[in-house]
Amino acid sequence: KMAKIIKLSKPLKINGQAVNEVELDFNKITGTTLLAAEREVRMLGEESMSVFVSMQYQAIVASKIIGVPVEDITELPGNDFKNIVLSVANFLLTPA
């Protein structure tokens with residue numbers, strides 16, 4: 001199953017509704033989404049050879065899956081942020 005549920009220590013507002021968990025459904029995105037996230041992160045000055053290892057890139061991908069601005073992800077408590085970006089990293093770096 002491609003979807004992963006992440007429990008949050010602090011609620012996140014999605015479409016005006018506070019949620020205590022987010023679902024990362026990697027089937028919701030396409031290669032086009034990943035490329036758009038790459039363009040976005042490059043414009044922010046990301047210079048890693050592979051954007052897959054960039055936390056900023058992972059946060060942008062997560063925001064596109066969840067449907068919130070990336071700032072909502074980066075403003076989460078450290079542990080919530082880490083759990084989200086690690087899930088995205090696992091998806092990006094693990095062969096299917």
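Q: What area does the chain expose, and what share do carbon and sulfur atoms supply?
A: This is a predicted model. The chain exposes about 5800 Å². Carbon and sulfur atoms supply 54% of that.

Q: And how much of the chain counts as buried?
A: Of its 96 residues, 38%.

Q: How does the radius of gyration fit a compact globule?
A: It agrees: with 96 residues, a compact globule would come out near 12 Å, and the chain has 13 Å. The C-alpha trace spans about 35 × 30 × 20 Å along its principal axes.

Q: Which elements are there, and in what order from the N terminus?
A: The order is β-β-α-α-α-α. That is 4 helices and 2 strands.

Q: Switching to H1. Which residues does helix H1 cover, and how far does it reach?
A: H1 takes in residues 31-43, 13 residues in total. From first C-alpha to last it reaches 18 Å, close to the 18 Å expected.

Q: Which of its residues are buried?
A: Thr33, Leu34, Ala37 and Val41.

Q: Why do they line one face?
A: Seen down the axis of H1, the buried residues fall within an arc of 95 degrees, so they share one face of the helix.

Q: What covers them?
A: The cover includes helix H2 (55-66) and helix H4 (78-93).

Q: And what is exposed on the other side of H1?
A: Thr32, Arg39 and Met43.

Q: What phi does Gly45 take, just after H1?
A: A positive one, about 100 degrees.

Q: Last one, on contacts. What share with a separation of 6 or more comes from residues 24 or more positions apart?
A: Those residues account for 50% of such contacts in the chain.

Definitions and conventions. Residues are numbered from 1 along each chain as its sequence is written. This is a predicted model: local features need pLDDT of at least 70, side-chain atom pairs count only at pLDDT 80 or more; totals for chains, interfaces and linings use all residues. Side-chain values use heavy atoms; hydrogens and water are left out. The expected span of a helix is 1.5 Å times one less than its number of residues. Buried means under 20% relative accessible area, exposed over 50%, partly exposed in between (1.4 Å probe, protein chains only). The arc is that of the directions from the helix axis to the C-beta atoms. Contact means heavy atoms within 4.5 Å. The radius of gyration is taken over C-alpha atoms; the globule rule is 2.2 Å times the number of residues to the power 0.38. Accessible areas come from the Shrake-Rupley method with a 1.4 Å probe; for residues, only the protein chains shown count as cover.
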